Amino acid sequence: MKPFSIPTHLVVFTLALGILVSCKRSESEGSSGKNQGTAVQVQPIVEKVRPVVEEVVGSVRAKSSATVEAKVSGRVSQMLVDLGQHVVRDQILAEIDAQEVKAQYDRAIANRDQTARDFKRYGELLQKQVTSHQEYDAAEGRYRIAEAAVKEAETMLGYVQVKAPFDGVITRKIADVGDFAAPGKPLLQIENPENLRFEADVPEAIIDRVRTGEAVEIAITSLGSRIQGTVSEISPTANPNSRTFLARIDFPITKGLRAGQFGRALFPVGEFVSVSVPSTALIQRGQMEMVFINEQGRARLRLVKSGKRYGDEIEILSGVSKGDQVIRENVQTLMDGQPVQIAP
C-alpha cells in the first residue's frame, strides 16, 4: 500500500494563502489601535431568481432577399451594377441581347398592321353590302388576335431589361457580359440590408419551450453587445438531418449589423435561484477569487468561486451566503481583519 501524498501545487497554494492571510491580520492588528475604521459601502447578499437560457447559434439574414433571373434567353449585353451597389425598385440591372424576341415583336407589329387594314376594308365592303357580316366578324377576330400578340411581344421585349424587384444592395454577381442567360438561370442576388432578422436552428429538446411572440436576447459576436428580439416564426417540422426547427427572430434596426454575421440566440427555458455580488467587489489574484465581508465591523476575506456575469453583477457559486454584507468598493486597499465602518 502506497503512502498518501499531497500534491506539491496544493501545498504551495495553502502556504501562500496562509502567509497572505496572516500578514494581513498582523498588519490589521498592528494598526487597529490607530485606525478607528475605514469607511466602506456594503451590499447585503440576496437570492435572485434568474432565467435558465439555452444558447443556440445562428446567423443574421435579410428578410428581403432575391435571386434575380432572366425571363428570356439570350446573351448578357450589359451588366449595369457592381457588387455592393445600392439599387432602387425597377432600376435596370442588366440587359439581354434577345434577337428572337425582337424579331417576334416585329412580326407581331406587321401582322397587326395587315389585319387592321383588312378589318377596315371589310368594314367598307359591309357598308356597301358587298360582303357578309360573317366575313366582317372573322376579319375583326383576326385583328383582335393580332393586337393581343403585339401586347404579348411587347411584354416579352420588356423582359430584355432585367430590373430590381425591390430597394436593396447587390450581394452577388453570378453572370457578366457575354454569359448566356435563360429563364431559371441566376444572374444576380439582391438583399435589403435595412430589413434584417436572426435565424437559428433550435434543437428538438427545447422546441416545446419556444413560443412565437416571446422575447429573446441575441448576442452578436462582432458587435460585442446584445439585441432584444422577438420570435416571429417557428418551423412546424424538423430538419430530418439535424433534428432541429428553424426559428426566425425579428429585432429593430441596429447600427453595424449586417447579413451573414454570426450570433447566439438566448432562449429562456427555466429559472434558478442564485446569489451575486457587484463586479467591483470581486478581487482576482492569480487563480484566486476573493471578496471582503463586513463581520462585526471588520473586513473579512473570503475565497469564492464565481459564475456568470449579469450586467454589473457576478454570480457567486460558493464562499458567501444569503445575508452576508459584501464590501462593494475600494476593496483593493483593504486587509483581512481591518476595522471598517459602514458609510451612510
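Helices and strands are taken here as DSSP runs, a strand comprising at least two residues, and are numbered from the N terminus. In these terms, phenylalanine 272 is found in strand S16, which spans residues 262-278. The model under description is a predicted one, and the account below begins with this strand and its partner before turning to the other sheets, the helices and the loops.

Strand S16 pairs with strand S3 in the antiparallel sense, and 13 bridges connect the two. Within this pairing, valine 57 has arginine 264 of S16 as its bridge partner. Phenylalanine 272 has a relative accessible area of 25% and is therefore partly exposed. Although phenylalanine 272 and proline 51 are 221 residues apart along the chain, a separation of 6.3 Å is found between their C-alpha atoms.

Strand S3 covers residues 47-62 and includes arginine 50. Because buried residues are those under 20% relative accessible area, arginine 50, at 10% relative accessibility, counts as buried. The side chain of arginine 50 is joined to that of glutamate 313 by a polar contact of 3.0 Å. Strand S3 is also joined to strand S12, in this case through five bridges and again with the two strands running antiparallel. In this second pairing of S3, serine 59 has glutamate 199 of S12 as its bridge partner.

From S12, the pattern of pairing can be followed to further strands. Strand S12 (residues 196-203) and strand S15 (residues 244-250) run antiparallel and are joined by seven bridges, with alanine 200 standing opposite alanine 247 of S15. Strand S15 is in turn joined by four bridges to strand S14 (residues 225-234), and these two strands also run antiparallel. Here isoleucine 234 stands opposite alanine 247, the residue of S15 that likewise faces alanine 200. In general, strands of a sheet pair through backbone hydrogen bonds, in either a parallel or an antiparallel arrangement.

Between S14 and S15 there is a loop, in which arginine 243 lies. Arginine 243 has a positive phi of about 60°, although it is not a glycine. With a relative accessible area of 49%, arginine 243 is classed as partly exposed, because exposed residues are those over 50%. A positive phi in a residue other than glycine is also found at asparagine 330, where the value is near 55°. Asparagine 330 is placed in the loop between strand S22 (325-327) and strand S23 (340-342), and at 61% relative accessibility it counts as exposed.

Two open sheets, each of four strands, were also identified. In one of them the strands follow the order S4-S11-S9-S6, with antiparallel pairing. Strand S4 (65-69) and strand S6 (86-87) form the edges of this sheet, each pairing on one side only. At one of these edges, S6 is joined by two bridges to strand S9 (residues 168-173), the two running antiparallel, and valine 87 stands opposite glycine 168 of S9.

The other open sheet has the order S8-S7-S5-S10, and its pairing is antiparallel. Strand S8 (161-163) and strand S10 (180-181) stand at its edges, each with a single partner strand, so that one side of each is left without a neighbour in the sheet. The pairing of S10 with strand S5 (residues 74-79) is antiparallel and extends over two bridges, and glycine 74 has alanine 181 of S10 as its bridge partner.

Among the helices, helix H2 (residues 99-127) and helix H3 (residues 133-158) pack at an angle of about 160°, with their axes 8 Å apart. Because angles over 145 degrees count as roughly antiparallel, H2 and H3 are therefore roughly antiparallel to each other. Helix H2 passes H3 in a left-handed crossing, and the residues of the contact of H2 with H3 comprise 17 nonpolar, five polar and eight charged.

A further pair of residues was examined for separation along the chain and in space. Alanine 219 lies in strand S13 (residues 215-220) and, at 21% relative accessibility, counts as partly exposed. Alanine 219 and phenylalanine 262 are 43 residues apart in sequence, while the distance between their C-alpha atoms is 8.9 Å.

How values were computed. Residues numbered from 1 in each chain as written. Predicted model: local features only at pLDDT ≥ 70, side-chain atom pairs only at ≥ 80, totals over all residues. Heavy atoms only, no water. Axes fitted to C-alpha atoms, helices over the stretch in contact; angles between N-to-C directions. Parallel < 35°, antiparallel > 145°, perpendicular 65-115°, else oblique. Left-handed = near helix turned anticlockwise from the far one by under 90°. Nonpolar A, V, L, I, M, F, W, Y, C, P; charged D, E, K, R; others polar. Pairing = 2+ DSSP bridges. Buried < 20%, exposed > 50% of the residue type's maximum accessible area, 1.4 Å probe, protein only. Polar contact = N/O pair within 3.5 Å; in protein donor to acceptor, adjacent residues only side chain to side chain.
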